[in-house]
Amino acid sequence: METGYIITEVRSRGEALPIVGATVTVSGYEAGEFKVLNVQLTDSSGSTLPFEIETPPRSESLIPDSPEPPFAIINIEIDKSGFLTQIFAEVPIFSGITTIQPVQLIPLIPDVHRNVDSNIGGGEI
């Protein structure tokens, strides 16, 4: 087997600010079994360290009608308190290539209806 790499860059919506301390979970197939391969927290720049992924050999991309893709497939989940969780499914990782997955986390909107609902049907407003 050969290897490729994944780096995840997590920023706020509109790419305004890096998100520090987001949990990035990489899952995929290893030895024929789907499982969590790596969990990292983003650093002060909102990035993870490069993580090595086993990939099929590059030579497989030259085989016409090959039953297997010439790349590894992973899923990436990004979670941070106060933001919607993002999931990227079937991210291709190619041999000898570092894939950079940009992520824009969307902030959760506070529940503005809570105060309004408490005044419905009773008391003065």
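Let's start in the middle of the chain, at Glu77, which is found in strand S5. Keep in mind that this is a predicted model. Glu77 counts as partly exposed because its relative accessibility is 36%, which falls between the 20% and 50% cut-offs. Its company is worth a look. Glu77 and Val24 sit 53 residues apart in sequence, yet their C-alpha atoms are 5.7 Å apart in space. If you skip the neighbours within four places in sequence, Glu77 is in contact with Thr23, Val24 and Thr25, and also with Thr85, Gln86 and Ile87.

Now zoom out to the whole chain. You'll find one helix and seven strands, and the order along the sequence is β-β-β-β-β-β-β-α. The chain has 125 residues, and 28% of them count as buried. As for how far contacts reach along the sequence, take those between residues at least 6 apart: 55% of them join residues at least 24 apart.

Next, the inside. In soluble globular proteins, nonpolar side chains tend to be buried together. Here the largest nonpolar core has 17 residues, and those with the most contacts inside it are Ile6, Val10, Ile53, Ile74 and Ile78. S1, S2, S4, S5, strand S6 (86–93) and strand S7 (98–105) each give two or more residues to this core. S5, the strand we began with, provides the largest share of the core, four residues. For a closer view, pick Val10. Not counting residues up to four places away in sequence, Val10 touches Leu17, Pro18, Ile19, Ala22, Val24, Thr42, Gly46, Ile78, Val103 and Leu105. Val24 is thus a contact of Val10 as well as a contact of Glu77.

What about empty space? Rolling a probe the size of a water molecule over the atoms shows where empty space is left. A search of the whole structure turns up one cavity of 30 Å³ or more, and about 50 Å³ of space lies in the largest cavity. Its lining is made of Ile6, Thr8, Val24, Val26, Asn38, Gln40, Thr48, Leu49 and Phe51. Strand S1 (2–12), S2 and strand S3 (33–41) each supply at least two residues of that lining. By type, the cavity lining divides into five nonpolar residues, four polar and no charged. Two familiar names turn up here: Ile6 and Val24 are both among the lining residues.

Open space comes next. The largest pocket has a volume of about 450 Å³. It is lined by 22 residues, and Met1, Tyr29, Glu30, Glu54 and Ala72 lie nearest its centre. Strand S2 (23–30), strand S4 (51–55) and strand S5 (72–79) each supply at least two residues of the pocket lining, with the largest share, five residues, coming from S4. The pocket lining divides into 13 nonpolar residues, four polar and five charged.

Glu30, one of the residues nearest the pocket centre, has another role in this tour. Which residue does Glu30 meet in a salt bridge? The partner is Lys35, with 3.0 Å from N to O. The count for the structure comes to one salt bridge, so with a nitrogen-to-oxygen limit of 4 Å this pair is what you'd look for. Glu30 counts as partly exposed because its relative accessibility is 38%, and Lys35 is likewise partly exposed, with a relative accessible area of 32%.

Key. Residues are numbered from 1 along each chain as its sequence is written. This is a predicted model: local features need pLDDT of at least 70, side-chain atom pairs count only at pLDDT 80 or more; totals for chains, interfaces and linings use all residues. Side-chain values use heavy atoms; hydrogens and water are left out. On a 1 Å grid over the protein atoms alone, a cavity is a set of points where a 1.4 Å probe fits but cannot get out, and a pocket is an open set with protein on both sides within 12 Å along at least five of seven lines; lining residues have an atom within 4 Å of a point. Grid points are joined across faces, edges and corners, and a volume is the space filled by probe spheres set on the points. Ala, Val, Leu, Ile, Met, Phe, Trp, Tyr, Cys and Pro count as nonpolar, Asp, Glu, Lys and Arg as charged, and the others, Gly among them, as polar. A nonpolar core is a set of buried Ala, Val, Leu, Ile, Met, Phe, Trp, Tyr and Cys residues joined through side-chain atoms within 4.5 Å. Buried means under 20% relative accessible area, exposed over 50%, partly exposed in between (1.4 Å probe, protein chains only). Contact means heavy atoms within 4.5 Å. A salt bridge is a side-chain nitrogen of Lys or Arg within 4 Å of a carboxyl oxygen of Asp or Glu.
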